Amino acid sequence: MPAMWALMESLDSFSDWEYSGTLPFTITDPVLSNIGNTPLFPYEERSLSGTVKIKAEYENPTGSMKDRIAVGMLKELEENGEIEPGDLVVEGSSGNTAGAVALAANRLGYECVITTPVGNSEQKLGYVESLGGELITCPDVPTEHKEYYRNKAKRVATERGGVWLDQYSNQTNPTVHSVWTGPELVDQYPELTHVVCPMGTGGTMSGIAKYIKEEHNSDVTAIGVDAVESNVSTAFYGHEEGEYNTEVEGLGKGHELSTMWFDYIDEVRSVPDRDAFLQARRAASQYGLLIGSSSGAALHIGREIAIQKPNAEVAVIACDGGEQYFDTVFDNDWMDERGYRPQ
Ligand SMILES: Cc1ncc(COP(=O)(O)O)c(C=O)c1O
């Protein structure tokens, strides 16, 4: 089946996936069954007047919330009869989605190709070949170039008769978070007043926000987090686009995507890279919470709210863990070369 047709079919069927109290798919695989049900840890900084809790998405099997959408995207295609074990699934990813798709494909019996731009985290991409996937490294070229990693993913899928998952447009990405991550968070933290979540594709924030606004309590404030040199917030507020240039992995985008459901989101706040890195380091060294830097950015905003609002109950979504960044954010030389550490 041609790849684009498969994708369109999957987008059509997502409308059936309204929240019904159970997941719209079943996971029987013993490894994939460990996805989700991630812990919620208190962030115990005494100077805060409100409460901050960290939703530890890094406890998922490949270390990020992308495990949820990887299994969700495959299951949805599978249950619609669009793929069956032995078929090829293709995704373009520079980070956490790569490993997540590789694991889900392996366990569910699919061939897997991941295309990735050159120069990305070896720690994250290490999952792909280790888990039996094929990794194609693409040159650093403009988005319209045929070798650009997403264009390459689409082409590989077409040429080899596979399905391109495309988390950047696939509505199953935010939908999975609206039927899974959102309800799970509210069950753990019914009194919450604010949810703070890093945005890249916007899938995690959009899905959680949709569930909370429609099914829980529309007074809960949903705050997306962007990098300063990025265009999620400019798109959200209708401002002129600027540069897209951040070293915080996973955070921000060059432009708006259809996976960003802005109608459910109340605010998008931008965090300087330096604040994201220093906050991730403080969470680890002072409180033993080893979070990545996009999570550091979200925690930076979560703290701001808890300082200003004594009654705030803030959930911060920690998308991945610090062990992915020992050679960058947690490396003093890396930080000093960029002038990020206070002298
Ligand atoms: C570490 C990290 N943080 C945040 C995000 C953004 O998540 P989403 O794409 O759901 O907006 C990503 C996405 O790749 C990520 O890898």
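Tutor: Let's start with axes: they are lines fitted to C-alpha atoms, for helices over the stretch in contact, and angles between N-to-C directions run from 0 to 180 degrees. Helices (H or I, at least four residues) and strands (E, at least two) are DSSP runs, numbered from the N terminus. What you see is a predicted model, where local features need pLDDT of at least 70, side-chain atom pairs count only at pLDDT 80 or more, and totals for chains, interfaces and linings use all residues. Residues are numbered from 1 along each chain as its sequence is written.

Student: Okay, which word describes how H6 and H7 lie to each other?

Tutor: Take the axes of helix H6 (residues 172-188) and helix H7 (residues 203-216): they come within 7 Å and cross at roughly 60°. Angles under 35 degrees count as roughly parallel, over 145 as roughly antiparallel, 65 to 115 as roughly perpendicular and the rest as oblique. So H6 and H7 are oblique.

Student: How many residues of the contact of H6 with H7 are charged?

Tutor: Two residues are in contact if their C-beta atoms, placed from the backbone, lie within 7 Å. The residues that meet include Pro174 and Val186 of H6 and Ile208 and Lys210 of H7. Ala, Val, Leu, Ile, Met, Phe, Trp, Tyr, Cys and Pro count as nonpolar, Asp, Glu, Lys and Arg as charged, and the others, Gly among them, as polar. That splits the contact of H6 with H7 into 8 nonpolar, 11 polar and, for charged, 1.

Student: Is the crossing of H2 past H3 left-handed or right-handed?

Tutor: Helix H2 (residues 66-79) packs on helix H3 (residues 96-108) at about 45°, with axes 8 Å apart. A crossing is left-handed if the near helix is turned anticlockwise from the far one by less than a right angle, and right-handed if clockwise. Here the way H2 passes H3 is right-handed.

Student: And H2 with H6: at roughly what angle do their axes cross?

Tutor: Look for where Arg68, Ile69, Gly72, Met73 and Glu76 of H2 meet H6 residues, among them Trp180. By class, that contact has 4 nonpolar, 5 polar and 2 charged residues. The axes come within 9 Å and cross at roughly 110°.

Student: Which helix gives the most to the largest nonpolar core?

Tutor: A residue is buried if 20 or more other C-beta atoms lie within 10 Å of its own, exposed if 12 or fewer, and partly exposed in between, with C-beta atoms placed from the backbone. A nonpolar core is a set of buried Ala, Val, Leu, Ile, Met, Phe, Trp, Tyr and Cys residues joined through C-beta atoms within 7 Å. The largest has 57 residues, and Val196 and Ala298 are among those with the most contacts inside it. With 6 residues (helix 293-308), the top giver is H10.

Student: Does Ala98 count as buried or exposed?

Tutor: You'll find Ala98 in helix H3. Beyond its neighbours within four places in sequence, Ala98 is in contact with residues including Ile114, Leu125 and Val128. Count the C-beta neighbours inside 10 Å and you get 29, so Ala98 is buried.

Student: What is the phi of Asn37, roughly?

Tutor: Most residues other than glycine have a negative phi. Asn37 is in the loop between helix H1 (3-13) and strand S1 (40-42), and counts as exposed because it has 12 C-beta neighbours inside 10 Å. Although Asn37 is not a glycine, its phi is positive, at about 55°.
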